[in-house]
Amino acid sequence: MIEVTGLSKRFGDVQAVEGVSFVAPKGRITGLLGPNGAGKSTTLRILATVLQADQGEVQIDGVDARKDPLEARRRIGVLPHGSSVYGNMTARENIAYYAALQGLTGATAEARIDRVIEQLYLEQIADRRARGFSQGQHIRVSLARCMVHDPSILILDEPTNGLDVLTTRALRHVILERRDAGCCVLFSSHVMQEVAALCDQIVIISRGHVAVTGTVHDIRIATGKDDLEDAFLAAVDLEDTD
Amino acid sequence: MNGFLVVLRKELLEGTREWRALAMTLLVAPLLGPFLFVGITAFTMHQAIDDVAAAIEIPAIGAERTPNLVAHLRQSLIDVDAEAFADQGDQTARHEALRQAVRSGEVAVGIVVAADFAEALAAGRAARVWVVADSSSTRARPEANRVQGALGAWSAMVGGIRLQLRGIHPTAGAPLAVLRDDVSTPSRRAYLLLGIVGYFVLFAVLIGGSQIAVDITAGERERGSLEPLLAMPVMRETLVLAKVLATLVVMTASLAITVTSFAVAVQLLPLGEMGMTANFGMVVAVQIFLLVFPFATMAAALMVAAASLTRSFREAQTYTSIAMIAPTLPVVFAALRPMQDSVPLMLVPALSQHLLLSDILRAEALDPLHIVASVASTAAVAAVLVWLTVRRFRSEKLIL
């Protein structure tokens, strides 16, 4: 479970995130929705402990991410936006590197590596160098390596950006499977249909604030719009007129 | 396995996967460099040895006025061409033509015998001979010196005969016997040629690790694999230390190859013929390796620190080229203004290694205090650089 309370982050003159609070429970898929530049990535990078919030608190399964970032990192799998794998190493080596960094060794590590390779349909390319991989193959390897230690929380920043239908479907499959296994999945997107199709709950962020939180149904009611796209725009508008 | 070893092993694995680049950095400068240096040095040495023995021919205007001197020059393997520039007309015009030819480099050296040479010689006045040479030409200097020396010898010989004819012992005209007492040792003389070895070794260390240092810092960041790595449960100082050590491993390989390569290549120099001995066997190679190793540690930390400061691969390459030259500047300064070893100088990394290496190559005893100062100061600078890099890795600026 992720509990975010009053998160604020400033870069120079830009207030990227201001007072963001939400809870992403386990066994649920939480979508972080918002226009480009709304503060989604900054929020997720703070949750992933690669950035430090100016204010606010992040609890990762009850671990304070600021006080004990190493423990928090053991519980999360992070897929940062635009991240890539090592081109000179095979898919398996890339995954094994992260397994080792997460402290997995020996037979346990091997079993976990084989498991994620299977989960993300990487068997065919597992022993090929990542240099020639397609965008979709890259994302699958990235996802496999961030899941290799079987984290209870997955944080995915715009994972479906630029993916073909097949990879998107594989990704959805994995996200749903993880949710059913009791994981807390938090992912960001600016594509409403995708969020609506997958998420159990949605957090709409606009200009660094949380505009609306709730299920798709809740958001439709709160904004008075039936269509999710209209609801999204209305939510962003609400925030703008504040 | 702990995070440090995991990261170190991965960086080295990835480094060896780029084997072409790695081979280039390890083979070109470290392996071939010493042989190239030795090849060029051996060539010039052989040339110098040959030059002393080889017969030369020089233009000699007015040589017909002094067959005696010509015969003496021939004995010194200096043949004269008395007909040179004969088509130019009179003595003055021919002298001018010779000067032009020497200035243009067409002729290395020539002599002009004065028109009144025979009369002056007969009358016991100083007979004039001009040696036409260009003192700014390093190529022509050995020949000019040879001609000058042969003329001086003839002058002394004729002077001696004149004194004897007057019943005076020839030594009366040479009251001073200037003797040269050369205290240099064969190894010290050899150092005149091998002085560049120290600079080369330090440079090979710096070059060796620059590629991998950029790859695993700015390169990792630019390719987008740094951010997910930072979300791994590994302390930032562990990451930095592993990356510095990975760079150090490659630099150490570069150092070992360079020193070994030099030790082998130096045996090919004809030092014995020049009265020199290179103090550069395998034992010395090991000593050099051990003395330069602390510098490699500092260089690895410096390269990683420089490359971590930058936002892109390209920028990192600029920074590391500066980082490659900066440490060797004191060495260049020391080469221009030779200095005596002292503890304060031993506190300057690179310079201290250079001075210690010079001592070893000259087969001189090392002061243990100097070694301690060199190792301690270099290690201290390395530690500061690592600390700065850790700070950089802890800062958010690394990924923003």
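1. A word on terms before the interface: two residues count as in contact if their C-beta atoms, placed from the backbone, lie within 7 Å. With that in hand, the contact between the chains takes 19 residues from chain B and 24 residues from chain A. On the chain B side, the elements giving two or more residues are α1 (3-17) and α9 (226-230). The largest share of that side, 5 residues, comes from α1(B). By class, the side of chain B that touches chain A has 9 nonpolar, 3 polar and 7 charged residues.

2. Keep in mind that this is a predicted model. For chain A the confidence looks like this: the average pLDDT is 90, and 98% of the residues score at least 70. Among the elements of chain A, helix α9 (residues 228-241) has the lowest mean pLDDT, at 71. The highest mean, 96, belongs to helix α3 (residues 91-101) of chain A.

3. Now to helix α8 of chain B, residues 196-223. Its 28 residues should span 40 Å at 1.5 Å a residue, and the end C-alpha atoms are 39 Å apart, which agrees. There is still a bend to look at: α8(B) turns by about 35° at D215(B). As for its surroundings, 23 of the 28 residues are buried, so α8(B) is largely enclosed by the rest of the structure. Just after the helix comes G224(B), with a positive phi near 85°.

4. On to the cores. The largest nonpolar core has 162 residues, and those with the most contacts inside it include I95(A), A144(A) and I155(A) from chain A, along with V201(B), V205(B), A299(B) and A301(B) from chain B. Take I95(A): leaving out residues up to four places away in sequence, I95(A) touches I113(A), V116(A), I117(A), V141(A), A144(A), R145(A) and V148(A). There is also a second, separate core of 26 residues, with I61(B), A63(B), F85(B) and V102(B) among its members.

5. Last, a residue to click on: V129(B), which sits in strand β4 (residues 129-133) of chain B. Is V129(B) buried or exposed? The cut-off for buried is 20 or more other C-beta atoms within 10 Å. V129(B) has 20, so V129(B) counts as buried. Neighbours within four places in sequence aside, V129(B) is in contact with I111(B), V113(B), A114(B) and L151(B). For a sense of distance, V129(B) and F333(B) are 204 residues apart in sequence and 43 Å apart in space, C-alpha to C-alpha.

Methods. Residues numbered from 1 in each chain as written. Chains lettered and ligands numbered in written order. Predicted model: local features only at pLDDT ≥ 70, side-chain atom pairs only at ≥ 80, totals over all residues. Helix = DSSP H or I, 4+ residues; strand = E, 2+ residues; numbered from the N terminus. Expected span 1.5 Å × (residues − 1). Bend = angle between axes of the 7 residues up to and from the residue. Buried ≥ 20, exposed ≤ 12 C-beta atoms within 10 Å, placed from the backbone. Nonpolar A, V, L, I, M, F, W, Y, C, P; charged D, E, K, R; others polar. Core = buried A, V, L, I, M, F, W, Y, C linked by C-beta atoms within 7 Å. pLDDT = per-residue confidence, 0-100.
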